[in-house]
Amino acid sequence: MSKQLPPGSFGLPIVGETLSFLNDPAFADKRQEKYGPIFKTHLLGHPTVVMVGPEANRFILSSHMHHFSWEDSMPDTIKELFGRSLLFQDGEEHQRNRRVLKPAFHGKALEGYLETMERITQSYLTKWEAMGTFTWLGEMKQLTFEIASLLLLGSEPGAKTVRLCQWFSEILAGRFTIPLRFRWAPYGRALQARDRLLAHIEGVVRDRQQHPNQDALGLLVQSRDEEGNSLSMEEIKVQALLMLFAGYETTSSMLTSLVMSLAQNPTVWKQAQNEQDVLAVEGPLNLEQLRGMPYLEQVLKEVERLYPPVAGGFRGVIESFEFNGYQVPKGWRVFYTIGTTHKDPRCYSDIKQFDPDRFSPERAEHKKYDFSLVGFGGGPRTCLGQAFAKMEMKIVVAHLLRNYTWELLPDQDLTMKLMPTLHPRSGLKVQFRKRSGGDKQGS
Ligand code: HEM
């Protein structure tokens with residue numbers, strides 16, 4: 001190849017620019033301003049090229065995805081902890097597994113999860129009302145874990161779920177640590193916790209094999225693709241663990257940003273509340289009602305745009321390529337950006353403004369450029385749990401809007417921290433209470 005490498009800096013020896021990348025949510029924004037939409041850096045031990053904007057996203061996520069590998073993009077610790085699951089597979093193996101996993105997270109299957117999601121949500125609303133003041137991020141994590149635990153681990157809320165959550169937290173705590181396998185080391189403890197969690201899942205899978213069930217794990221046991229392929233016991237175990245991992249910090253991050261954004265934007269909050277008050281009927285929600293909340297969907301998109309839980313995605317470069325006049329060598333990594341693309345003024349007007357109406361059918365700013373709204377990734381490997389997560393978030397927020405109100409407590413740090421997923425540094429401290437009848441439209 002004759003072209004030159006992209007501009008940029010490799011930073012310090014060994015660590016490169018990893019610390020700024022992990023600690024500064026504006027890492028890519030700042031370098032894009034300085035170098036333009038493609039620049040080189042050194043992250044997590046690898047020379048890396050960051051590519052910004054919808055064209056770059058289309059290139060990496062869709063049109064040239066065969067130049068890239070997911071397996072080569074992850075630290076070895078994460079690969080070992082989460083086994084041979086979808087996130088670390090490429091090519092045929094990935095396609096086959098994705099086809100078999102998909103039915104458990106789409107269409108008809110989701111209908112079966114609604115009751116569980118709503119039941120757990122109700123229990124948390126009652127708990128929050130009794131607590132009055134609390135920090136929402138931790139609560140959202142517990143809520144998300146309990147829903148996932150019921151659907152993916154077959155465990156009802158209670159002492160057992162608390163234990164499963166402890167094991168899961170140990171796995172998360174070990175994922176970016178030095179890989180010392182001793183029992184006292186965080187990584188050794190994470191491996192031990194993973195084995196316990198996998199043994200638990202195996203027990204539930206055996207039960208589901210004998211007594212078929214419609215929860216996500218039950219559906220994974222029964223799932224077949226068009227050619228009749230199914231998942232082995234080992235595959236079901238690691239894929240279930242991956243789903244727990246992929247959905248836990250992401251969904252709780254977005255829910256926290258959502259309730260924060262509503263409190264900071266009273267006009268948006270009022271409009272979202274009015275939509276719910278008009279729709280509100282007694283009794284449980286159903287899929288048809290969830291589909292009929294266009295304004296809440298716009299709000300969700302605006303939270304996805306301004307507060308995407310994940311900053312972007314790494315890929316290993318398995319075939320050298322040229323982009324925008326620069327060469328990127330085989331063996332390097334690329335990083336496609338989510339948050340920085342979402343602030344591209346070519347795609348979005350008034351980029352800092354929280355404005356759900358930009359997604360109204362009349363304005364539809366995200367349709368000007370393909371791959372300009374990528375909070376759930378894009379292309380053939382877009383987030384498998386997107387519909388699941390959106391349904392869960394809609395259920396939680398619809399109930400919050402209908403029956404509750406909250407205020408952000410003063411003197412807290414609401415600047416955003418990127419790791420492990422985007423969240424306000426304070427965790428979002430709120431005062432929470434039931435809405436009085438007089439607050440509601442038409443009453
Ligand atoms: C608000 C919640 C969520 C967000 C923002 C989110 C975001 C993402 C993103 C950005 C990707 C693509 C990463 C990349 O291109 O490198 C992804 C992939 C994935 N997500 Fe999600 N996710 C969410 C919830 C979930 C849930 C609940 C599940 C499981 C039930 C899930 C399962 C997956 C899986 C399996 C993949 C990999 C798909 C593949 O490689 O084929 N996600 N997610």
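Colleague: What makes the pair formed by a polar side-chain atom of His94 and an oxygen atom of the ligand a polar contact?

Modeller: In this predicted model, a polar side-chain atom of His94 lies 2.7 Å from an oxygen atom of the ligand. A polar contact is a pair of N or O atoms within 3.5 Å (within protein, one must also be able to donate a hydrogen and the other to accept it, and residues adjacent in sequence count only if both atoms are side-chain atoms), so the pair at His94 qualifies. An N or O atom in the side chain of Arg98 is likewise 2.7 Å from an oxygen atom of the ligand, and a polar side-chain atom of Tyr336 lies 2.6 Å from such an oxygen atom.

Colleague: Which residues come nearest to the ligand?

Modeller: There are 28 residues around the ligand, and His94, Arg98, Arg315, Tyr336 and Cys383 come nearest; to be near, a residue needs one of its heavy atoms within 4 Å. By class, this shell has 16 nonpolar, nine polar and three charged residues. At least two shell residues come from each of α5 (91-101), α11 (233-264), β5 (312-317) and α15 (386-403), and α11 gives the most, with six. Such helices (H or I, at least four residues) and strands (E, at least two) are DSSP runs, numbered from the N terminus.

Colleague: What makes Cys383 a donor of the iron atom of the ligand?

Modeller: The SG atom of Cys383 is at 2.3 Å from the iron atom, and a donor is an N, O or S atom within 2.8 Å of the metal (3.2 Å for Na, K and Ca), so Cys383 qualifies. Cys383 is the only protein donor, although water is not among the atoms and the site may therefore look incomplete. Cys383 sits in the loop between β8 (333-337) and α15.

Colleague: Why is Thr144 called buried or exposed?

Modeller: Buried means under 20% relative accessible area, exposed over 50%, and partly exposed in between (1.4 Å probe, protein chains only), and because Thr144 has 4%, it counts as buried. Thr144 lies in helix α7 (residues 136-152), where the backbone oxygen of Met140 is 2.5 Å from a polar atom of the Thr144 side chain. Leaving out residues up to four places away in sequence, Thr144 touches Gly247, Tyr248, Thr251, Ser252 and Glu392, where contact means heavy atoms within 4.5 Å.

Colleague: Where do Met74 and Lys34 fall, buried or exposed?

Modeller: Met74, in the loop between β3 (68-69) and α4 (76-82), has 18% relative accessibility and therefore counts as buried. Lys34, in helix α2 (residues 27-35), is exposed because its relative accessible area is 63%.

Colleague: Why does the radius of gyration of the protein chain agree with that of a compact globule?

Modeller: The radius of gyration is taken over C-alpha atoms, and the globule rule is 2.2 Å times the number of residues to the power 0.38. For 443 residues a compact globule would have a value near 22 Å, and the protein chain has 22 Å, which is why the two agree. The protein chain has 15 helices and 12 strands, and buried residues make up 54% of its 443 residues.

Colleague: Which rules lie behind these values?

Modeller: Local features need pLDDT of at least 70 and side-chain atom pairs count only at pLDDT 80 or more, while totals for chains, interfaces and linings use all residues of this predicted model. Residues are numbered from 1 along each chain as its sequence is written, and side-chain values use heavy atoms, with hydrogens and water left out.

Notes
Nonpolar A, V, L, I, M, F, W, Y, C, P; charged D, E, K, R; others polar.
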